[in-house]
Amino acid sequence: MILAERKPIADILSHLGDARRVLLVGCHGCVTVCSAGGQKEVDLLVDVLQLARKAQGQAIEIGKMTLERQCDVEFLSEMLEQAKQFDVILSLACGAGVQLVAERAGSLRVLPALNTTAIGVSEQKGQWGERCQACGDCKLPLTGGICPVTRCSKSLLNGPCGGSSKGLCEIGNGTPCGWQLIIDRLEVTGCLDQYETILEPADWSSARDGGPRKLVREDLK
Amino acid sequence: MTQLAKLEKWKGTLNKCIRCGYCYEHCQIYKSSRWEIDSPRGKLILLYGLLSGEVEPSDYVANKLFECFHCNRCQKACSSGVPIQDVYADAREFFLESGFDVVGTTSQTDHDLCARCLNCVRMCPHEARSFVDGKIVTDRLKCQSCGSCLDICSEKAVAIGRGFGTNPDELQRSIKLFFTQNSNAKAIVFSCSWSTFPGFQTANFDEQEADPETLTLVTVCSGRLNSQTVLETLLQGAWGVLICCCPESDCAHGGSGRAKARMNALQKTLEEIGIDPRRIQVSEVAQGNTKLFSETTKKFMDEISDLGALSIGGKQ
Amino acid sequence: MNSVNIAKLKEIVGAENVRDNKADLYVYGSDASVHEAMPQAIVRPQNTEQVQELMRYANSEKIPVIPRGSGSGMCGQVVPVMGGIILDMKGMNRILEINTPDGYCRVQPGVVDNDLNAALKPHGVFYPPTPASGVVATIGGEIANNASGTRAVKYGAARDAVLAMKVVLANGDCVSLGSNTRVASSGYPLERLMVGSEGTLGVIVEATLRFVPIPKLRCLGIAKFNTLAEAGDAISEIMGSGCQPSMLELIDKIAIVAANKAEKLGLPEVEAILLFEADGMAKETIDPEIEKFQAICEKHNGFGLEFSYDEKERARIFAGRAKLFPSLSKYDERLASTSLADDMAVPFSKMAETAKKIHEVAQRHGLVMTAYGHCGAGCMHTKILMDTDKDFQWEAARQAVAEIYDYVRSVGGTTSAEHGIGLSKAAAFKAEKATTLELMRGIKKVFDPNNILNPGKLMDGPDDWVEATRLRYQVSKAG
Amino acid sequence: MSSSNLQAVLQAGKFAVTAEAGPPRGVRPEIMRDKARILKGWVDACNVTDNQTSVVRMCSLAACKILQDEGLETVMQMVCRDRNRIAAQSDILGAAALGIANLLCLSGDHQVFGDHPQAKNVFDIDSIQLLQIATRMRDEAKFAGGKAVDGAPNLFIGASANPFADPFRIQVPRLAKKVAAGAQFIQTQSIFNLEKFKEWMQGVRDRGLHEKTAILAGITPIKSLKMAEYMAANVAGMDVPEAILERIRGVDKKEQKQEGIKIAVETVQQLREIEGVRGIHIMAIEWEEAVPEIVQQAGLVQ
């Protein structure tokens, strides 16, 4: 899923400036699964904004909706209609959703309430971790199913570097060494011999470096 | 063992219940409804009637046995030594096996709203929630109605069958009423039902008799109290919110730890928006420690009285 | 049994305050006694007007009405032997007024005793009866049964604390009895007649109660005796000593064993234990009394004497007595504690003798009976610990109860000190009050011509309580 | 054959000695010239670090040129953190053009350690891929993209190795990869745990790698207890046994430097006995004066 977490309230308030009528829009998609932008989080943010404005002695009028998803135009139309009576839309969607709304919100300012961080998985209660950088040329077949681009802090294709110690990466905060995970996987799947083949420099043109990607399926047009 | 046989073995024990009613004051469910069938004594009498044939098993009767917050205060208070929770457990098994599909106070999931994010499955301290055939299912024998899953759900798809005054909407209704009716109202004290709360059983004051500054509300496990209820309390005009929970070591549901983590996050948010974080406080009060409960409340009230009301504008 | 129009009841009190399904009826069909019966409906009135309307309806249809507090009575006072409607008074549970200058408070009947005292505490006063069941009993129930407790020896029973009340009669009229004054001599004190009338004369909808200041200091002592007689002599001498104990409790050996098991107290399992307490404003006045009590106990071979002012210490000393009633179930795994011959009142000097008599009767009938009570007030409690499944045990119990009350009458005692008559003590009551039964029935006729208020109790109570109702225990005809 | 003196020394079977110098965090060349004067004559070549620990310093290319002009042969270190394959090849051409004879290919420390943790890192290629690219430019005069190089950069190419990093069982295979990619010489991480190093060298010899590449054993003289404890606790992949720390703790604060030199010299002498060790690489961080002392005391003067 796409991982995201709420921006610090102080930032949201400063971005809102003195906008009086704010429409909060949640999303039932990934941001609900990682407890960042679902209905509960919208309701909570409504209360926090009201309290904040009350503390600052400024009025605020808040509308709230939670859409099925904000990354499909069809789900936006009704909300955009209602948004006309507001000064600004504060979207709790991931970065993609916020932008699709912004592209269609005409003169209305659209602000993100979340920081989108990664494509990832839920690792345990209250903890999610990044798994994929969307490089467009999946390396997993070569590394036992563990991604060197994402899980290694230096995206080494021929790791580990000299800083790997006791299974952890040199950058600390408990980050596991990507290549330790890869080597363990290769070993357990009986493919450790693959380790000594040198992986050629990657072709990054399919990744973000090649410019914003577009996925076109002629067969579905 | 035939289903009824499972209860048969408790007949001797049920005789031990002398129906003295000393368990009434301990049961949050009875105190909320005040119908005697909702008290531990009432439920034991029902089981007795089941064994003697004077009461037919029915959804209504089965549901009574599933309406319990497992706080175990009745069993602890029963000097006749009736192992009430063990009797209940067998009775629940009997009802489920006999096909009575009742929910009582166990947690239920609205499958249309549910985003299948499984956060509630991970949250459940009793492993009572699981994902089966595309749906979240509650094991009603394991569920202890502690409500840990209540707040974690981003879709607000999780609900406790019947709250007896402890569900979020019920709490918010009591809070709203308290602030509209009492000019002197200042704060809400949320207490979990294991942690001590004042002995008021069922009496309440006539309006002019007392104009209390605080209202104590029971949330069953403090881990079930959701952040929004606390914020809405401040929005209602509360000067502060105090949460009394059990010491973490005593909490059977891991609720104390969660309550502290959740309120800690809220305090940071308050700080960010210029409101003094001391307006939300969590403190541990072990079960039965009435003295500590009132001392804690008093200290809290002194502190927020200095802070004054959440005035409009200016440093809070 | 006349049929009850449930829709009418719902019209009067609102659907959410009426229950008529079998499960609820079954639960409300019993109290802490050995009896049970099925009511036809349970109604929870919210105010006096609703009670009046209910009574007008019931009176017109001649449907029995049984007012009920928490149902903690031990003799079947609220068991609906004639069916009918149970008035669950817990719907009327407001504390209406605390008037410290005039020294009284006004409460509705559904207020629980402990809650009232919790509300009075900040004012430095308490409602005196303080029965052990104060954790659950309601004021209405306590008044209907003239409840009292450990402190009755100094502060009296419910009847001494009730100044006035509002009562709804069988015909629905609401009358005010008594006055909010400490003393009154204005005709028949009908409010005192209502106290102890067990719901047979009217429905109490409001009561004005006197309260007494919480003493600054309390000192509780304990003395152990090797024989009941010695304890009994100590009781009489203490009561005659000119000192005023605020509590004087007797506990016999069986009660001690049960308390030890239930609360793991480790009390010495002697024949008798006396608990004596004196309270007041200053140590100077309390110490002499405590020393006097100690001296009297020692004179009668009392030993293991302790006393303390400290709250925690006092709670420890009192622990054995505090929850004795439920603890008796722990005496023996096979036996259940039943409320039979559960209380009686005898002159102080006869307390020890009565306890001995109880043990002797129990022995003869192959039963286990304990004797304990507020001996300072002459109130003796017993319980029969029996195997409730054995038919012969019930017959033995019936004979034992009859013999005990014959003895009580012979020493000038009375059938009940505080628990009331209900069903299980009706026979003894009728024997004791034989000469005034007609007088009482006349009064009942005036108050309740159609006999709808808690019929089949007191003067109309059964002669043989074993057959009076289906005993709530499953009495298998075996053995 | 490149014009590298280091390569010549190694090929002549002599025990090579290299050192390391960190360029200044400014523009003054004389700082490098001072270091040249200290090291000249004592070492066969001197490494110049490339923004070590992600801290901005004068670039390795310029600093090497300054040392070369002082007559001191250099080893230009190149990390993959700060440049993609285009910049890497362009710097290689520049180095060759300016007569720099040796290249050390490194992955580089993560920018979180340095003074610009907000920076975007590159890592277009890793150290092994850089070895391949540099070797191909030299041997086939071809760029990574396949086009011809106008005059091949004749460099003596090496890499680093850390016998103390985890997982230990992969360190020898990893060395084999580096050798296959073109590593002609290897400078190892600082050695304090000789047992572990010997175990690693055994693995190297078992695969005959010690004949395919020249292994120079890394030495860091301990300057102070604080530095030693820091290295032990905070530098990932650095193994400083408790015994070494005890030795430093055992001497008076003023003596700690001398004790550091003593340990270094002892280590060198033991390293010389290990079959397959073809020289040592002295990393005297900001303490260049220690190099002549160690070389002299360890009897390494040619």
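Two strands are taken to pair if DSSP finds at least two bridges between them, and the exercises below apply this to a predicted model.

**Exercise 1.** Describe the open sheet of chain B, from its strand order to the helices that pack on it.

*Solution.* Begin with the order, which is 7-5-8-9 for the four strands of this open sheet, with parallel pairing. Strand 7 (214-218) and strand 9 (280-284) of chain B stand at the edges, and each has a single partner strand, so one side of each lacks a neighbour in the sheet. Next take one pair: strand 8 (residues 240-245) and strand 9 of chain B are joined in the parallel sense over five bridges, and B:Leu242 has B:Gln281, in strand 9 of chain B, as its bridge partner. Then add the helices, of which helix 12 (residues 255-272) of chain B packs on the sheet by touching strand 8 and strand 9, its direction making about 155° with that of strand 9 of chain B. Helix 13 (residues 290-307) of chain B lies across strand 5 (187-191), strand 7, strand 8 and strand 9 of chain B, and runs at about 160° to strand 8 of chain B.

**Exercise 2.** Determine how helix 5 and helix 6 of chain D are arranged relative to each other.

*Solution.* The axes of helix 5 (residues 127-140) and helix 6 (residues 171-181) of chain D come within 8 Å and cross at roughly 20°. Because angles under 35 degrees count as roughly parallel, helix 5 of chain D is roughly parallel to helix 6 of chain D. Their crossing is right-handed, and the residues in contact include D:Leu131 of helix 5 and D:Ala181 of helix 6 of chain D.

How values were computed
Residues are numbered from 1 along each chain as its sequence is written. Chains are lettered from A and ligands numbered from 1 in the order in which they are written. This is a predicted model: local features need pLDDT of at least 70, side-chain atom pairs count only at pLDDT 80 or more; totals for chains, interfaces and linings use all residues. Axes are lines fitted to C-alpha atoms, for helices over the stretch in contact, and angles run from 0 to 180 degrees between N-to-C directions. Helices (H or I, at least four residues) and strands (E, at least two) are DSSP runs, numbered from the N terminus. Angles under 35 degrees count as roughly parallel, over 145 as roughly antiparallel, 65 to 115 as roughly perpendicular and the rest as oblique. A crossing is left-handed if the near helix is turned anticlockwise from the far one by less than a right angle, and right-handed if clockwise. Two residues are in contact if their C-beta atoms, placed from the backbone, lie within 7 Å.
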